[in-house]
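Q: Could we go through this model together, beginning with how helices pack and then moving on to another chain?
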Amino acid sequence: MIAEAGLAALWLAAGLAALQFVLMILALRSDFEAARAMRSIAVVQGVLTLVAFAMLLIVFARSDMSVLLVFENSSAVKPFIYKVAGAWGNHEGSMLMWVTILAVAGAFVALLAHRTSERTLLAALGAQAVLALGFYAFLLIASNPFARLWPAPPDGQGLNPLLQDPGLAFHPPTLYLGYVGLSVAFSLAVGALLTGEVDSRLARAMRPWVLGAWILLTLGITAGSYWAYYELGWGGYWFWDPVENASLMPWLAATALLHSINVLAARGALKAWTMMLAVIAFSMSMVGTFLVRSGILTSVHAFAIDPQRGTFLLALLAIYVGAAFILFAVRGASLKEGAPFELISRESGLVINNLILSVVLGVVFVGTLYPLFVEAVSGEKLSVGAPYFNAVAGPLALILAVLVGIGPLLAWRRERRQVFKRLTIPALLGITAVVITIILWPSMHILPRLGFTVAAYLAAASILPLIGRNPFRAPLATWGMVMAHFGIAVALLGMAANAAFTSERLAIAKPGDTLTVGPWLILLQDVTPTAGKNWTAVEAELRATRGSAVVTLKPQTRYFSDPPTETNESAIQTFWNGQLYTVVGKPDASGAWQLRLWWKPFVTLIWAGGALIALGGALALVGRLWRLAWRRRPDADWRRERYT
Amino acid sequence: MKPKNQRLVLVVAAVVALIAAALLAMWGLRSQASYFYTPADIAAGKAHEGEAMRLGGMVERGSVQHLRDGVTIRFVVTDGKAKTPVIFRGIAPDLFREGSGAVAEGRLENGTFVADTILAKHDERYMPPQLGNLSAEHKAGKTLEK
């Protein structure tokens, strides 16, 4: 019954989305009175998808094996939290989650967006309904999550153990919220292009959505990076895996959009540009979903190989992106360009930011899709990995990090002051960092050396916007920007330290043997069998000493029975100045165990930096929403917005 | 700057960025893309020594040897047509087993494939598409042998 209720709710929601689309066309043709019902319809549609999603959670929580999806992806002996999380740890469930978020976002637009004109809002709601309609069709035709299985088997097939991790429970929802938050920017852009009302009001309505989506993407990428770091046991934090790129590409586009939208909001300039970025950002979300969900990648995350689904998603992608680009081509040229600006100005700085981010996005996009393209065309198999991405994106990222220190110091319209004078101290810090690394570590590789230099410079330069004024009277958005830019410096420092100073030891040891890694002396005390709810394991007990510090680490190799799989559970100990990372492998014939040990100085700064960037975004979002709530005057002129 | 000129400058900047991205990507792909080879490709001389590449195939039964240091293994990868010896230093991945599929990343040195990383099949249901075809061919080969 529960599964059928979920399915019925989904069909109803799909029907409402279709109605919403029809009403939009009527509303755009004439001032059609009934179109005002679109707001209520959007809300009801959001509620219906929530009901459908809740029904899926219930069948998973109850381990109802008569539902095919539960049988394929769950088992009765799993811990409860993974039973529930299993609902979206598979293809159908995650697509249902996607469409739920899409419809709920539409409902919130209908409830909250008061800043755009009524016509643009209705057009945007129509666009959002069209987006949802495609995904409803996808669910109902090609991936019904509520399909039944008869007779019901006693137990399910289990869930990939690699995914039985708290990371699984929160990582995909965070990313999906980010992806789908960008759908609102897309719909608002499409709506505004349809009505021709691309102005600073639109930008201010769009901004909280972009900011919110960007925060969640930042968090999702940071958490995903840490998950890969400790769960895969390879000691790396970014693998340039296509699935990682699938989340990085929307983030890059959203970062560019976030910056250009400020120009539109504050100055009414970069209209066509910003609309283009809004379209690209959500297109990248769809590309990401396509890459992960179609199963065309050689990757841990690609679950099923099912050409029908892949084709369906690709068709949706082509239709939506194609239609948006055509609309842009037709309407984009007629947009009036806004207030002019000089070559050296805040606007120019943001344009350069956008250009560099777009180039990075372009090279990541090409590198990710090139292997698929080549294989489809010539059948030749190749892979594009870290060497490519590091070589093409690394230097650009460093240049961008240098410019991040300068842009916020520039004034809107034109800069007449001597901005570079203010950068004396940051520049000196950067030079000091070069000199110190050359004296202390003459053989250091060039990239980490540059990383330390730029990090030292940017850490100082990023806080300059708060200096020379009363920092407590600065808007929250300024604080947020400073914190996010400072976070880049922190992450960069962590990456440089990890690249320059990591020590690694790979050896075999019998209980009682001692190994050294970096400053640590590590004694293998014992290897013992142990067990959890649905796994058995061997666990090594390691005693690590450094001076007077003593810690015990217990890495494991786990064996899961359903489905039969092994995973390496690394044991990681965090200190203020780094992490000790240990993995136990397999025994050899003589009873010695393989151990892999790393000492990674300051590696945690990478994720701390990511968290700071997201927190900066959150501060800015609170500041913006505060203003929206207090100054909800539709006639507010852009000149009044005291933006810094 | 007049608004009209400003738009022109922006369009030119966007086009330049697009071209720069394309050139950069082409340069990077030419020097850094690593091709996927099977032992048969290597036997046919398609792969060059020292170039970054991926090798895919089945780990031949009975071929895995552990070296004295305990962390280096040698094994043979086969696609049913040819064989390539592989040497790997590190902890082999969870599902690395004789008789099952593996993809190794590394380079050829004097006819031996020196692997930096080994990617194995990740669970019983999951199979990289590159190996999917291969295992079908391999199975077909086996049936023929019988």
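A: A word on terms first: a crossing is left-handed if the near helix is turned anticlockwise from the far one by less than a right angle, and right-handed if clockwise. This is a predicted model, in which local features need pLDDT of at least 70 and side-chain atom pairs count only at pLDDT 80 or more, whereas totals for chains, interfaces and linings use all residues. Residues are numbered from 1 along each chain as its sequence is written, and side-chain values use heavy atoms, with hydrogens and water left out.

Q: Which hand does the crossing of helix 13 and helix 16 of chain A have?
A: The crossing of these two chain A helices, 13 and 16, is left-handed, and their axes come within 9 Å and cross at roughly 15 degrees.

Q: And which residues make that contact?
A: With contact meaning heavy atoms within 4.5 Å, helix 13 of chain A contributes L398(A), A401(A), V402(A) and V404(A), while helix 16 of chain A contributes L447(A), L450(A), G451(A), V454(A), Y457(A) and L458(A).

Q: Where is helix 13 of chain A kinked?
A: The kink, of about 35 degrees, lies at A393(A), shortly before the proline P395(A); the bend at a residue is the angle between axes fitted to the seven residues ending there and the seven starting there.

Q: Switching to chain B, how many helices and strands are there?
A: Chain B has three helices and seven strands, which run α-β-α-β-β-β-β-β-β-α from the N terminus on.

Q: How much of chain B is buried?
A: Of its 146 residues, 46% count as buried, meaning under 20% relative accessible area with a 1.4 Å probe and protein chains only.

Methods:
Chains lettered and ligands numbered in written order. Axes fitted to C-alpha atoms, helices over the stretch in contact; angles between N-to-C directions. Helix = DSSP H or I, 4+ residues; strand = E, 2+ residues; numbered from the N terminus. Buried < 20%, exposed > 50% of the residue type's maximum accessible area, 1.4 Å probe, protein only.
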